[in-house]
Each structure stands twice: as structure tokens, then as C-alpha cells.
Amino acid sequence: MFNEQLRQAILNEYQDYHFYRSMYKLTDDPYFQGFIEHIYEDEKSHYEMFQQLYYMLTGTFVQSFPEPILCTDLKECLKDAIRNELESAELYKDMVLQIPIQQAYAPLFVAMHDETEHAIRLTTILHLL
């Protein structure tokens, strides 16, 4: 079960990276762009950490990613993204409680914290729009 959750987390982080990169292009506000850039850089880091962890557990990397869904409406994307970030934080919390190896703790803890931070950043943008 853990490996399948981790596989899904990798797919989600890949998707999120591309989603936030497209969201970045929908605003010219440097304050919003700074928040969004921070988020997509975190998502890239989570993807890389989770791929490494998956490799440690299975001897393979997750491959065959679906075509990314891109953001086309900033306000609607923000609403969806806030929900998704909070759901990811919950998933990572559950995964921390069932880690199969000690090396899984740090990447999951960091990602769990970052996802909560992302929800705060996104809520701030939505509030200021």
C-alpha cells in the first residue's frame, strides 16, 4: 500500500509542478509570481525526493506520466489547488505514520509541511485578487 501511495504522490507532484508553472504565466504580479515560483520549485523537489525514495524501495523509478493538466483560469485554479494541497498534506501525514524505512521520514515530513505552506500562499493570493 505504501509503495502505491508513493507512486501516486510522484504522479501528483509531477502534475503539480506543471500546473503551477502554467499558473505562474497567468499573472504579472511579482508578489503572486514569487509565491507561485516558490511552490513549483517545492513540487519539483518533492518529485525528486519521492522518486529517489521509490527507487530505494522498488529498484525502479516511476515512469509513463499522463499529459499534465494546465491552469487556464487563475481564480478557479487557486480554489482547486488549495483543496489539492491540503489533501496532499493529509496523505503525507498518513504515509509518515506507516513508513517502511527510516529514510522515508524526512522527505514525507518536508513535503507534508510544504503542502500546508502552499495552501497558505495560495489562499493569500486568492484573498488579494
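In this presentation, a residue is called buried under 20% relative accessible area, exposed over 50%, and partly exposed in between, with a 1.4 Å probe and protein chains only. Tyr24 is partly exposed because its relative accessibility is 24%.

Allow me to state the basis of what follows. The model is predicted, so local features need pLDDT of at least 70 and side-chain atom pairs count only at pLDDT 80 or more, while totals for chains, interfaces and linings use all residues. Residues are numbered from 1 along each chain as its sequence is written, and side-chain values use heavy atoms, with hydrogens and water left out.

I remain with Tyr24, which belongs to helix 1; helices here are DSSP runs (H or I, at least four residues), numbered from the N terminus. Leaving aside neighbours within four places in sequence, Tyr24 is in contact (heavy atoms within 4.5 Å) with Gln33, Ile36, Glu37 and Tyr40.

I turn now to helix 3. Helix 3 covers residues 74-96, 23 residues in total, and spans 32 Å from its first C-alpha to its last. That is close to the expected 33 Å, the expected span being 1.5 Å times one less than the number of residues. At its N-terminal end, Asp73 acts as a cap, with a side-chain oxygen 3.2 Å from the backbone nitrogen of Lys75. The buried residues of helix 3 include Leu78, Ala81, Ile82 and Glu85. Against which helices do the buried residues of helix 3 pack? They pack against helix 1 (2-24), helix 2 (30-58) and helix 4 (105-128).

Glu85 deserves a closer look. Glu85 is buried yet has no salt bridge, that is, no side-chain nitrogen of Lys or Arg within 4 Å of a carboxyl oxygen of Asp or Glu. Its nearest side chain of opposite charge, Arg121, is 9.6 Å away; Lys and Arg count as positive, Asp and Glu as negative, and His and the chain ends are not counted. The side chain of Glu85 does make a polar contact with that of Tyr20, at 2.6 Å; such a contact is a pair of N or O atoms within 3.5 Å, one able to donate a hydrogen and the other to accept it.

Tyr20 leads us to the interior. The largest nonpolar core has 17 residues, and Phe19, Tyr20, Met23 and Leu122 have the most contacts inside it. A nonpolar core is a set of buried Ala, Val, Leu, Ile, Met, Phe, Trp, Tyr and Cys residues joined through side-chain atoms within 4.5 Å. Apart from this core lies another, of 16 residues, among them Ile10, Phe50, Ala104 and Met112.

Notes: Helix = DSSP H or I, 4+ residues; strand = E, 2+ residues; numbered from the N terminus.
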